[in-house]
Each structure stands twice: as C-alpha cells, then as structure tokens.
Amino acid sequence: MASLVTEIPAAPSEQAEAYFAGRLSLETDCWDVHDSSKSAAPDFVLLDVRGPAAYARGHVPGALNLPHGKITERRMAEWPEGTLFVVYCAGPHCNGADRAAFRLARIGRPVKLMIGGITGWLDEGFALESDG
C-alpha cells in the first residue's frame with residue numbers, strides 16, 4: 001500500500017522543472033537577500049512595504065520603506081526601467097508584499113517577493129535595523 005507521500009505520483013521531471021523555475025522567478029528567500037546584500041552594489045532594490053511605524057521599529061538592513069499603497073508609476077520612476085525590486089512585509093500572515101508585487105508588476109516593473117518577510121528574516125538569525 002502506498003504512503004501518503006507516494007499515493008499521488010510525483011510529476012514528470014519536465015513539469016517539476018517548469019513549476020519550480022516559475023516559483024523561483026517570482027520569489028527569493030531571506031538567506032539569498034542577506035547574502036546578496038553583502039556586495040558593494042546589490043543588483044536589486046529591497047522594499048519594506050509595511051507602514052512607517054513598523055519600519056522604524058525594525059527592518060531589514062538596506063531596505064527602503066515604501067508602503068504598498070504608495071507604489072505608483074510616478075514614484076517608481078525614480079529608478080531606471082528594468083530595476084529589480086524585492087518586496088517584503090511582516091511575514092507569511094501578511095499580504096502586503098503580495099499587494100506590492102502586484103502593483104509593481106501592473107506598472108511593468110520586475111519584482112520578486114522575499115518569502116517569509118520579517119518573520120523569516122528573524123528565523124534565519126539575521127538582525128534588523130531600527131530608526132530609534
């Protein structure tokens with residue numbers, strides 16, 4: 001008798017490859033953001049899309065605060081076309097990063113979601129910066 005793991009067969013490799021490539025084109029994780037942020041010139045802009053008070057209490061080092069509701073074509077014109085934005089919010093219980101990613105994609109900007117948000121960042125043992 002098959003286990004709960006194997007009772008539904010695994011997808012063919014080609015299907016799995018396409019699925020995971022799709023996910024990786026839309027998401028990144030806290031570890032990759034942390035590691036990539038160590039370079040002198042990161043190749044993405046990290047946006048904390050929570051409100052200013054939450055940002056001030058603690059945010060990922062190097063992140064800019066831009067609440068998802070303030071993401072507009074005019075505001076994003078500060079960055080060159082093609083700039084990759086990585087967005088995050090409080091964590092898996094918050095959809096602010098999804099809203100930000102939606103807004104960015106809607107205006108034609110490349111975007112990835114940092115899965116886990118602040119919760120994931122702290123779970124990895126990384127420190128936050130605060131404004132106070």
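**View 1. The whole chain at a glance.** Among contacts in the protein chain (heavy atoms within 4.5 Å) between residues at least 6 apart in sequence, 70% join residues at least 24 apart. This is a predicted model, in which local features need pLDDT of at least 70, side-chain atom pairs count only at pLDDT 80 or more, and totals for chains, interfaces and linings use all residues. Residues are numbered from 1 along each chain as its sequence is written, and side-chain values use heavy atoms, with hydrogens and water left out. Count along the chain and you get 6 helices and 5 strands; helices (H or I, at least four residues) and strands (E, at least two) are DSSP runs, numbered from the N terminus. Starting at the N terminus, the elements go α-β-α-β-α-β-α-β-α-β-α. Put a box around the C-alpha atoms along the principal axes, and its sides come to roughly 60 × 35 × 30 Å. Of the 132 residues in the protein chain, 32% are buried. Here, buried means under 20% relative accessible area, exposed means over 50%, and partly exposed is in between (1.4 Å probe, protein chains only). The accessible surface of the chain is about 8300 Å², with 57% of that belonging to carbon and sulfur atoms. These areas come from the Shrake-Rupley method with a 1.4 Å probe, and for residues only the protein chains shown count as cover.

**View 2. Strand 2 and its partners.** Look along strand 2 (residues 45-48) and you'll see V45 and L47 pointing one way, with L46 and D48 pointing the other. All four of these residues are buried. Strand 2 pairs with strand 3 (residues 64-65) in the parallel sense, over 2 bridges; two strands pair if DSSP finds at least two bridges between them. The bridge partner of L47 in strand 3 is L64. To get from strand 2 to strand 3, the chain passes through helix 3 (residues 52-57), and this β-α-β crossover is right-handed. That label means that, with the strands pointing away from the viewer, the path from the first strand over the helix to the second runs clockwise.

**View 3. Strand 4, with a neighbour on either hand.** Strand 4 covers residues 85-88, where F85 and V87 point one way, V86 and Y88 the other, and all are buried. Strand 2 and strand 4 pair in the parallel sense over 4 bridges. V45 in strand 2 stands opposite F85, and D48 stands opposite Y88. Strand 4 also runs parallel to strand 5 (residues 111-115), and 3 bridges join the two. In that pairing, F85 stands opposite V111. The route from strand 4 to strand 5 goes through helix 5 (residues 96-106), and this β-α-β crossover is right-handed.

**View 4. Cysteines without a disulfide.** The structure holds 0 disulfides, a disulfide being a pair of cysteine sulfur atoms within 2.5 Å. Why is there no bond between C89 and C94? The sulfur of C89 is 3.0 Å from the one in C94, its closest cysteine sulfur, and that is too far for a bond. As for C30, the closest cysteine sulfur is in C89, 11 Å away, so it is too far for a bond as well. C30 is buried, with a relative accessible area of 4%. C89 is buried too, also with a relative accessible area of 4%.

**View 5. Aromatic rings that meet.** The structure holds 4 aromatic pairs. Rings of Phe, Tyr and Trp (its six-membered ring) pair if their centres lie within 6.5 Å; planes under 30 degrees apart count as stacked, over 60 as edge-to-face and the rest as tilted. In one of these pairs, the rings of W31 and F126 have centres 5.4 Å apart and planes at 35°, so the pair is tilted. This pair links distant parts of the chain: W31 belongs to helix 2 (residues 30-36), while F126 lies in the segment after helix 6 (117-123), 95 residues apart. W31 is partly exposed, with a relative accessible area of 46%, whereas F126 is buried at 9%. Ring pairs link W31, W121 and F126 into a cluster.

**View 6. S36 and its surroundings.** S36 is found in helix 2. Its relative accessible area is 31%, so S36 is partly exposed. Which residues does S36 contact, leaving aside its neighbours within four places in sequence? They are P42 and F44. S36 and P92 are 56 residues apart in sequence, and 22 Å apart in space from C-alpha to C-alpha.
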